[in-house]
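Me: I am new to reading protein models. Could you walk me through one, feature by feature?

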Amino acid sequence: MNDVQLMDPPTEEGALSFARRFVRSDAFMLLFREGMGLVEQTAAYLDGDGRKDAAALPREVALSYATESMRLTTRLMQLASWLLTQRAVAEGELTAEQARTEQNKVRIGEPMGTPTEHIVAQLPQRLRDLMAHAGRLQARVRHLENQMNGTATTSEAANPVQNQLANLQARLGIIW
């Protein structure tokens with residue numbers, strides 16, 4: 001795996017270049033392993049202890065548990081699809097154009113709303129932890145996807161602090 005190369009001064013093209021180089025970096029592989037590991041952890045929980053946890057919940061909370069576990073699974077499948085597609089590009093199995101076609105089929109959606117705090121507080125802690133981790137991972141992937149597609153919001157593109165953070169990430173191979 002190649003290390004991240006030094007980035008040019010922050011510009012819109014620099015952000016695109018950073019994002020494209022990022023998928024070929026060790027830092028991307030850490031993100032990839034984190035995402036795929038989260039998929040495995042979630043599946044293990046939902047098929048194991050999660051079933052026991054859900055059975056012990058009051059009816060209205062059990063309904064929220066079912067809804068949130070389906071939303072979590074959907075979010076993670078979208079993330080896994082994105083990560084696998086980007087890895088295929090990095091390894092030369094897909095061209096960037098083929099990846100764009102595939103990514104148009106499965107988009108990383110807007111962050112999903114959450115139930116009221118009262119309901120969330122009654123969900124099992126492990127499910128809440130998995131939901132929070134998936135939400136953070138989704139935000140990171142959406143940011144990278146926006147940089148790669150050149151669709152970063154004006155505030156992202158014009159934010160000098162964000163540009164400096166991206167520069168540091170590229171130089172140090174850090175994932176936030």
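Reply: Happily! Let's start with a word we will use throughout: a helix here is a DSSP run of H or I with at least four residues, and helices are numbered from the N terminus. Please also keep in mind that this is a predicted model.

Me: How many helices and strands does the chain have?

Reply: The chain has nine helices and zero strands. Followed along the sequence, its pattern reads α-α-α-α-α-α-α-α-α.

Me: What share of the chain is buried?

Reply: A residue counts as buried when its relative accessible area is under 20%. Of the 176 residues in the chain, 39% are buried. You can also look at how contacts bridge the sequence: taking contacts between residues at least 6 apart, 75% join residues at least 24 apart.

Me: How do I check a helix's length, say for H4?

Reply: The expected span is 1.5 Å times one less than the number of residues. Helix H4 covers residues 59-90, which is 32 residues, so it should span 46 Å, and its end C-alpha atoms are indeed 46 Å apart. The helix H7 passes the check too: its 25 residues should span 36 Å, and the ends are 36 Å apart.

Me: What follows each of these helices?

Reply: H4 is followed by glycine 92, with a positive phi near 80°. After H7 comes glycine 150, whose phi is also positive, near 70°.

Me: How do I describe two helices that pack together?

Reply: Two numbers do the work: the angle between the axes and the distance between the axes. Take H2 (residues 26-47) and H7 (residues 125-149). Their axes come within 11 Å and cross at roughly 150°.

Me: Are H2 and H7 roughly parallel or roughly antiparallel?

Reply: An angle over 145 degrees counts as roughly antiparallel, and H2 and H7 are therefore roughly antiparallel to each other. Their crossing is left-handed. The residues that meet include Leu38 and Thr42 in H2, and Leu130 and Leu137 in H7.

Me: And what are the angle and distance for H4 and H7?

Reply: H4 and H7 pack at about 35°, with axes 10 Å apart. Among the residues making the contact are Glu68, Leu72 and Leu76 of H4, together with Leu130 and Ala134 of H7. This crossing is left-handed as well.

Me: Which residues does leucine 130 touch?

Reply: Leucine 130 lies in H7. Leaving out neighbours within four places in sequence, leucine 130 contacts Leu38, Gln41, Thr42, Tyr45 and Leu72. At 1% relative accessibility, leucine 130 is buried. Leucine 38 shows how the fold brings distant parts of the sequence together: the two leucines are 92 residues apart along the chain, while their C-alpha atoms are separated by 7.7 Å.

Me: Is threonine 42 buried or exposed?

Reply: Threonine 42 has a relative accessible area of 3%, so this residue is buried. You will find threonine 42 in H2, where it touches Leu72, Leu76 and Leu130, again leaving out residues up to four places away in sequence.

Me: Where do glutamate 68 and threonine 85 sit?

Reply: Glutamate 68 is in H4, and so is threonine 85. Glutamate 68 is buried at a relative accessible area of 6%; its C-alpha lies 9.3 Å from that of leucine 123, although the two are 55 residues apart in sequence. Threonine 85 is buried at 9%. Beyond its neighbours up to four places away, threonine 85 touches Leu94, Ala99, Glu102 and Gln103.

Me: How many aromatic pairs are there in the whole structure?

Reply: A pair of aromatic rings is described by the distance of the centres and the angle of the planes. A search of the whole structure finds one pair. Its members are phenylalanine 28 and phenylalanine 32, with centres 6.3 Å apart and planes at 40°, which makes the pair tilted. Both lie in H2, four residues apart, or about one turn of the helix.

Me: Are the two rings' residues buried or exposed?

Reply: Phenylalanine 28 is buried, with a relative accessible area of 0%, and phenylalanine 32 is buried with 8%.

Definitions and conventions. Residues are numbered from 1 along each chain as its sequence is written. This is a predicted model: local features need pLDDT of at least 70, side-chain atom pairs count only at pLDDT 80 or more; totals for chains, interfaces and linings use all residues. Side-chain values use heavy atoms; hydrogens and water are left out. Rings of Phe, Tyr and Trp (its six-membered ring) pair if their centres lie within 6.5 Å; planes under 30 degrees apart count as stacked, over 60 as edge-to-face and the rest as tilted. Helices (H or I, at least four residues) and strands (E, at least two) are DSSP runs, numbered from the N terminus. Buried means under 20% relative accessible area, exposed over 50%, partly exposed in between (1.4 Å probe, protein chains only). Axes are lines fitted to C-alpha atoms, for helices over the stretch in contact, and angles run from 0 to 180 degrees between N-to-C directions. Angles under 35 degrees count as roughly parallel, over 145 as roughly antiparallel, 65 to 115 as roughly perpendicular and the rest as oblique. A crossing is left-handed if the near helix is turned anticlockwise from the far one by less than a right angle, and right-handed if clockwise. Contact means heavy atoms within 4.5 Å.
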